[in-house]
Amino acid sequence: RVAVLGAPGVGKTAIIRQFLFSDYPERHRPTDGPCLYRPAVLLDGAVYDLSISDGDSAGPGPGTQGSEEGPDSKGWSLQDTDAFVLVYDICSPDSFDYVKALRQRIAETRPAGAPEAPILVVGNKRDRQRLRFGPRRALAALVRRGWRCGYLECSAKYNWHVLRLFRELLRCALVRARPAHPALRLQGALHPARCTLM
């Protein structure tokens, strides 16, 4: 169970569609409420289900610019999610602040004693590199050392590092998973030579 979260317009849906369908929507259309994708992953002759949630209903809460908090966002099941992808636009400092607030909310929402869910912070729109608001190395260091999260940049438009994004996230989830955790069935599923989406 993977949640892809971030401010409106950062490219969450575009990343998911590139991963699942090798498709990039040329026009941005706001996502109308949370969407759930359930691709089947074929691994070593066995089929597994992956649930990818796309939406802003788990926004960081009141007082955050650009928040699209849903009517019952406090009940959004952050604690039931196995891994998080927090997406920001490398040209928008506000979207990075949004991700910072999301990460804090996730940390506060996890029940005591629950296994730590891996978080991967993703800077999208790398194809607009010249317009970025801050140097990549500084942002990566802040996220990795200060936030203790993974960091990656991608371009949904050109399908650059999109597969790597999900592969890294699942590898991290598997390392932190308990032996009986259902996510273990996805071990190696996103290895480029062994993964087939059905």
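**View 1. Residue V2 of strand 1 has A83 as its bridge partner in strand 6.** The model shown is predicted. Strand 6 covers residues 83-89 and pairs with strand 1 in the parallel sense. Five bridges link these two strands.

**View 2. Strand 1 also pairs with strand 5.** Strand 5 consists of residues 52-54, and its pairing with strand 1 is again parallel, over three bridges. Within strand 5, D54 stands opposite V4.

**View 3. Strand 1 is covered on both faces.** In a regular strand, side chains point alternately to the two faces of the sheet. On one side of strand 1 are V2, V4 and G6, and on the other are A3 and L5; all of these are buried. Strand 1 runs over residues 2-6, and because five of its five residues are buried, the rest of the structure largely encloses it. Buried here means under 20% relative accessible area.

**View 4. The whole protein, for orientation, has four helices and nine strands.** Along the sequence these elements follow the pattern β-α-β-β-β-β-β-α-β-α-β-α-β. The protein has 198 residues, of which 46% are buried. The exposed area of the protein is about 10600 Å², with 49% of it supplied by carbon and sulfur atoms. Of the contacts between residues at least 6 apart in sequence, 69% join residues at least 24 apart.

Terms used
Residues numbered from 1 in each chain as written. Predicted model: local features only at pLDDT ≥ 70, side-chain atom pairs only at ≥ 80, totals over all residues. Heavy atoms only, no water. Buried < 20%, exposed > 50% of the residue type's maximum accessible area, 1.4 Å probe, protein only. Pairing = 2+ DSSP bridges. Contact = heavy atoms within 4.5 Å. Areas by Shrake-Rupley, 256 points an atom, 1.4 Å probe, with all protein chains shown as cover.
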